Amino acid sequence: MSQGADRQPVLEADALSLRFGAVHALRSVSIHVLEGQIHAVIGPNGAGKSSLLNCLSGFYRPQSGSVRFRGKDISILAPHHRAALGIGRTFQGIQTYPSMTARENILSGFHCRMATGILGALIYWGRVRSEEETFSERAEAIIDFLELEEQRHAVVGDLPYGLRKRVDLGRALALEPKVLVMDEPMAGMSTEEKGDLARFILDIREALGIPVVLVEHDMEVVMAISDRVTVVDFGEVIASGTPAEVSINPRVVAAYLGGNVA
Amino acid sequence: MLPTGVHSLTYADDARILRTSRARHWLAALVVALLAYPAFAGPYMLGVFTHLFITLMAVYGLYVTVGMAGQINVAQSAFVGVGAFATAKLSGYEIHFMLVIPLAALITGFVSIFFALPAARVKGFYLALTTLAAQVVFPIIILALPTEWLGGLVGMSVEPIRMGGLTLGAPIHFYYFTLVVVALLTVAAFNLKRSRFGRAMIAVRDNDVVAEVMGVPVFRTKVLAFFVGSLFAGVAGACTAYFLQFVTVASFTLFASVWYLGMLIVGGVHSPLGAILGVAFITFLQEGLHAFANTLMQSGASGGVLFALTSVALGGCILIALIFEPRGLAHRWSVARTTFQLWPFPRN
């Protein structure tokens with residue numbers, strides 16, 4: 001996996017600091033996600049990984065520092081505006097819309113790409129109809145990509161865990177993201193499901209050309225698929241580099257296994 | 001689920017409201033029956049149906065706000081009242097009714113936005129309480145305003161609808177008039193559900209935290225749900241005003257708001273079909289019980305006790321319906337249809 005120096009940064013966080021009262025969730029954390037890369041964020045429980053992701057997608061507002069998307073400062077944008085710019089996000093646990101079908105879940109991701117007004121929605125006239133058709137076709141392309149054909153009309157609340165996670169991923173892809181932010185996609189999955197999902201993540205990078213930011217606990221997966229790894233501990237970045245580099249970094253080893261670092 | 005052998009070949013086909021030709025035939029039969037009904041019914045039953053159609057319009061609105069977007073609204077009757085008073089006022093300026101009804105709907109929609117603003121901060125029971133404020137404030141404001149504006153305690157008379165040489169006044173006129181309006185609103189309610197706003201509202205109901213990160217502006221969608229729900233209420237109010245030809249604050253009570261919610265819950269909050277079934281079920285149950293009580297009274301029973309008992313019986317029926325089908329009659333209907341289609345194989 002190449003480490004091209006000419007790659008442009010897609011999503012950057014600079015010196016983010018986030019406090020909840022006396023708790024410092026993040027202390028001056030920086031991360032630079034480059035075009036075409038799978039960038040993993042790892043660290044022990046409570047290290048601040050999810051806080052970092054929530055700052056990237058706008059759910060938390062850090063007290064200081066900035067978030068840039070393709071060079072543009074987006075620190076003050078609301079989450080739905082960031083989504084419209086092209087920051088896709090998948091969630092920890094099950095966060096799909098349970099009462100909708102798999103296809104409706106995916107279609108809901110197109111909300112900010114569609115132009116129908118409220119009057120058009122009530123009348124459902126010609127142009128609204130054809131817009132729905134266009135986006136149904138695009139939703140079907142995602143269904144095809146994620147191999148969800150059998151489940152397209154199944155109510156998501158009735159699907160097993162692994163499939164719901166795939167619907168979650170499909171909904172994020174419907175945002176037509178320029179970068180995909182994934183929070184612990186592998187948690188709670190069987191080995192087979194993990195293998196499938198790892199393959200999808202690689203496909204998203206290779207076939208769709210979308211860079212991925214990934215928080216993950218499964219080291220095997222992280223080491224196998226990521227191009228770059230940032231290690232966070234107690235709200236601070238303690239190492240950053242290729243998987244091979246960070247896995248021999250003494251501070252990383254200490255953070256994971258305990259012990260003092262000279 | 002669809003019967004065997006029904007396939008969609010286009011996406012448009014897939015998005016249809018009525019998927020099978022059998023469903024379309026049933027709808028055609030229903031429309032013919034409703035059109036032919038006045039030939040067989042007396043003015044009393046036509047009045048009952050007119051009232052049912054108007055109630056259904058208001059409950060469609062509640063379906064949008066409560067059913068789709070999950071924003072509890074216990075002030076629907078007040079919003080119907082806003083529509084009714086707007087219609088009474090506008091009709092006084094000799095504006096054509098084709099313009100009065102949309103204007104009344106829009107006025108109601110904009111009034112509702114004010115009461116939707118707390119939805120930015122509160123959910124569930126707390127939001128229910130803030131909408132309760134709308135219901136309580138409505139008569140206070142009407143009574144506090146100068147009598148020349150909205151009639152105050154006395155109320156306002158409404159100029160009747162004139163179409164060509166015809167002035168709408170007879171029960172049969174109102175029957176057909178409200179039938180056409182409710183048919184249009186039915187199509188609108190079903191359309192909204194399959195549009196991007198329908199999905200956005202359901203997304204907000206199912207998981208508002210995630211919806212925001214997935215590109216759905218949550219606050220705007222909540223306000224929109226109140227706005228659209230009140231458009232329906234406004235049309236219901238306009239029809240009420242034209243039907244009664246007189247509006248007073250006493251017609252738009254908290255009691256009515258709670259009934260609207262009750263009808264939606266009995267029918268099922270998750271589809272416009274639930275609104276239809278709930279309104280029809282409760283209206284006909286009420287009428288049936290009254291008719292039954294009348295028959296008993298003619299055979300000598302005491303009226304006061306009897307009519308109190310009809311309310312008890314009505315409450316009991318609603319309770320039973322909810323205990324056996326908490327997800328509403330619409331869900332029971334879809335279960336029955338699936339069972340029928342899979343027969344002789346068991347469901348699941």
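Is A:Glu176 buried, partly exposed or exposed, and what is its relative accessibility? A:Glu176 counts as partly exposed, at 26% relative accessibility. The legends below describe close-up views of a predicted model.

**View 1. A salt bridge between A:Arg113 and A:Glu176 in chain A.** The closest N and O atoms of this pair are 3.3 Å apart. A:Arg113 belongs to the loop between helix 3 (102-108) and helix 4 (118-123) of chain A, and A:Glu176 to the loop between helix 6 (161-174) and strand 7 (179-183), so the salt bridge ties together parts that are 63 residues apart in sequence. A:Arg113 is partly exposed because its relative accessible area, 25%, falls between the limits of 20% and 50%. Over all chains, the count of salt bridges comes to 20.

**View 2. A salt bridge between A:Arg199 and A:Glu147 in chain A.** The N to O distance between the two side chains is 3.6 Å. A:Arg199 lies in helix 7 (residues 191-206) of chain A, whereas A:Glu147 lies in the loop between helix 5 (126-145) and helix 6, so parts 52 residues apart in sequence are tied together by the pair. A:Arg199 is partly exposed, with 35% relative accessibility. A:Glu147 is likewise partly exposed, at 41%.

**View 3. A salt bridge between B:Lys123 and B:Asp208 in chain B.** The closest N and O atoms are separated by 2.8 Å. B:Lys123 is found in the loop between helix 5 (97-116) and helix 6 (124-144) of chain B, and B:Asp208 in helix 10 (residues 208-213) of chain B, so the pair ties together parts that are 85 residues apart in sequence. B:Lys123 is partly exposed at 47% relative accessibility, whereas B:Asp208 counts as buried at 14%.

**View 4. A salt-bridge network with members in chain A and chain B.** Salt bridges that share partners join A:Arg103, A:Glu140, A:Arg152, B:Asp14 and B:Arg19 into one network. Side chains of opposite charge can pair when their charged atoms come close.

**View 5. An open sheet of four strands in chain A.** The strand order is 2-1-4-5, and the pairing is antiparallel. Strand 2 (23-34) and strand 5 (72-73) form the edges, each pairing on one side only. Strand 1 (residues 9-20) and strand 4 (residues 64-69) run antiparallel and are joined by five bridges. A:Val67 in strand 4 is the bridge partner of A:Ala13. Helix 1 (residues 49-56) of chain A lies across strand 1, strand 2 and strand 4, and runs at about 120° to strand 1.

**View 6. The hairpin of strand 9 and strand 10 in chain A.** Strand 9 (residues 228-233) and strand 10 (residues 236-241) run antiparallel and are connected by five bridges. A:Asp233 stands opposite A:Glu236, a residue of strand 10. Two residues lie between the strands of this hairpin, and A:Phe234 takes a positive phi near 45°.

**View 7. A nonpolar surface patch in chain B.** The patch, of about 490 Å², is made by B:Leu27, B:Leu30, B:Val31, B:Leu35, B:Ile172 and B:Tyr176. Helix 2 (21-36) and helix 8 (171-193) of chain B each supply at least two of its residues. Helix 2 contributes the largest share, four residues. B:Leu30, placed in helix 2 of chain B, is partly exposed with a relative accessible area of 48%.

**View 8. The surroundings of B:Ile172, a residue of helix 8 in chain B.** B:Ile172 is partly exposed, with a relative accessible area of 35%. With neighbours within four places in sequence left aside, B:Ile172 is in contact with B:Pro38 and B:Leu46. The C-alpha atoms of B:Ile172 and B:Gly288 are separated by 22 Å, and these residues are 116 residues apart along the chain.

**View 9. The surroundings of B:Thr221 in helix 11 (residues 218-244) of chain B.** B:Thr221 is buried because its relative accessible area, 6%, is under 20%. Apart from its neighbours within four places in sequence, B:Thr221 is in contact with B:Ala200, B:Met201, B:Val204 and B:Val216.

Notes:
Residues numbered from 1 in each chain as written. Chains lettered and ligands numbered in written order. Predicted model: local features only at pLDDT ≥ 70, side-chain atom pairs only at ≥ 80, totals over all residues. Heavy atoms only, no water. Patch = residues over 30% accessible without salt bridge, like charges linked within 9 Å, V, L, I, M, F, W, Y side chains within 5 Å. Areas by Shrake-Rupley, 256 points an atom, 1.4 Å probe, with all protein chains shown as cover. Salt bridge = Lys/Arg side-chain N within 4 Å of Asp/Glu carboxyl O. Buried < 20%, exposed > 50% of the residue type's maximum accessible area, 1.4 Å probe, protein only. Pairing = 2+ DSSP bridges. Contact = heavy atoms within 4.5 Å. Axes fitted to C-alpha atoms, helices over the stretch in contact; angles between N-to-C directions.
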